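Student: I have a structure in front of me and would like to learn how to read it. Could we go through it one feature at a time?

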Amino acid sequence: MPSVTISLTDQEQEWLDTQAESGRYRNSNDYLRNLIHKDRERAVKIATMQKRVDEAISSGISDRSLDEIWEEARRKATAGDGDPV
């Protein structure tokens, strides 16, 4: 497994040690790997949301009223059709 060397401030090292000793992680490496995993998940969520925003912007202005849009959103949410609004 590849390894890296990083420099931490005293406060960062103290935080890392505290997290590793909390019992949630076997050691500081596990904690750091968990941080990377969560950051990757966050990046995917942001990219997905940005894609939806871009699609919404490119779709133009709707000819439906706000009430019609909300009604469709409620219908989809109630139907559970798996297409989040």
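**Salt bridges, helices and surface**

Tutor: We can begin with the charged side chains: the structure holds six salt bridges. Keep in mind that this is a predicted model.

Student: Which residue meets D30 in a salt bridge?

Tutor: The partner of D30 is R26, and their side chains come to 2.8 Å, N to O.

Student: Are D30 and R26 buried or exposed?

Tutor: A residue counts as buried under 20% relative accessible area and as exposed over 50%. D30 has 13%, so D30 is buried. R26 has 73%, so R26 is exposed.

Student: How far apart in sequence are K51 and E55 in helix α2?

Tutor: Start with the general idea. An α-helix has 3.6 residues a turn, so residues three or four places apart point the same way. Now the case here: K51 and E55 both lie in α2, four residues apart, which is about one turn of the helix. They form a salt bridge, with the closest N and O atoms 3.9 Å apart. K51 is exposed at 53% relative accessibility, while E55 is partly exposed at 42%.

Student: Which residues are linked with E72 in a network of salt bridges?

Tutor: The network links R64, E72, R75 and K76. Within it, the side chains of E72 and R64 meet at 2.0 Å, N to O. E72 is partly exposed, with a relative accessible area of 22%, and R64 is partly exposed too, at 37%.

Student: Next, the helices. How many residues has α1, and what does it reach from its first C-alpha to its last?

Tutor: To read the span of a helix, compare it with the length expected at 1.5 Å a residue. α1 has twelve residues and reaches 16 Å, close to the 16 Å expected.

Student: Which residues of α1 are buried?

Tutor: They are L16, Q19 and A20. Seen down the axis of α1, the buried residues fall within an arc of 100°, so they line one face of the helix. These buried residues pack against α2, which covers residues 28-58.

Student: Which exposed residues does the face turned away from the buried side carry?

Tutor: That face of α1 carries D10, Q11, E14 and E21.

Student: What phi does G23 take, just after α1?

Tutor: Look at the sign as well as the size of the angle. G23 takes a positive phi of about 100°. Just after α3, G80 also takes a positive phi, of about 60°. Helix α3 itself runs over residues 66-79; its 14 residues reach 20 Å from the first C-alpha to the last, close to the 20 Å expected at 1.5 Å a residue.

Student: Now the surface. Which residues form a nonpolar patch there?

Tutor: V4, I6 and L8 form the patch, with about 290 Å² of accessible area together. V4 is found in the segment before α1, which covers residues 10-21. With a relative accessible area of 72%, V4 is exposed.

Student: One last feature, distance. How far apart are Q50 and D67 in sequence and in space?

Tutor: Separation along the chain and separation in space are two readings, and each is taken on its own. Q50 and D67 are 17 residues apart in sequence and 25 Å apart in space, C-alpha to C-alpha. Q50 lies in helix α2 and is partly exposed, with a relative accessible area of 42%.

Definitions and conventions: Residues are numbered from 1 along each chain as its sequence is written. This is a predicted model: local features need pLDDT of at least 70, side-chain atom pairs count only at pLDDT 80 or more; totals for chains, interfaces and linings use all residues. Side-chain values use heavy atoms; hydrogens and water are left out. Patches are made of residues with over 30% relative accessible area and no salt bridge: like charges are joined within 9 Å, nonpolar side chains (Val, Leu, Ile, Met, Phe, Trp, Tyr) within 5 Å. Accessible areas come from the Shrake-Rupley method with a 1.4 Å probe; for residues, only the protein chains shown count as cover. A salt bridge is a side-chain nitrogen of Lys or Arg within 4 Å of a carboxyl oxygen of Asp or Glu. Helices (H or I, at least four residues) and strands (E, at least two) are DSSP runs, numbered from the N terminus. Buried means under 20% relative accessible area, exposed over 50%, partly exposed in between (1.4 Å probe, protein chains only). The arc is that of the directions from the helix axis to the C-beta atoms. Contact means heavy atoms within 4.5 Å.
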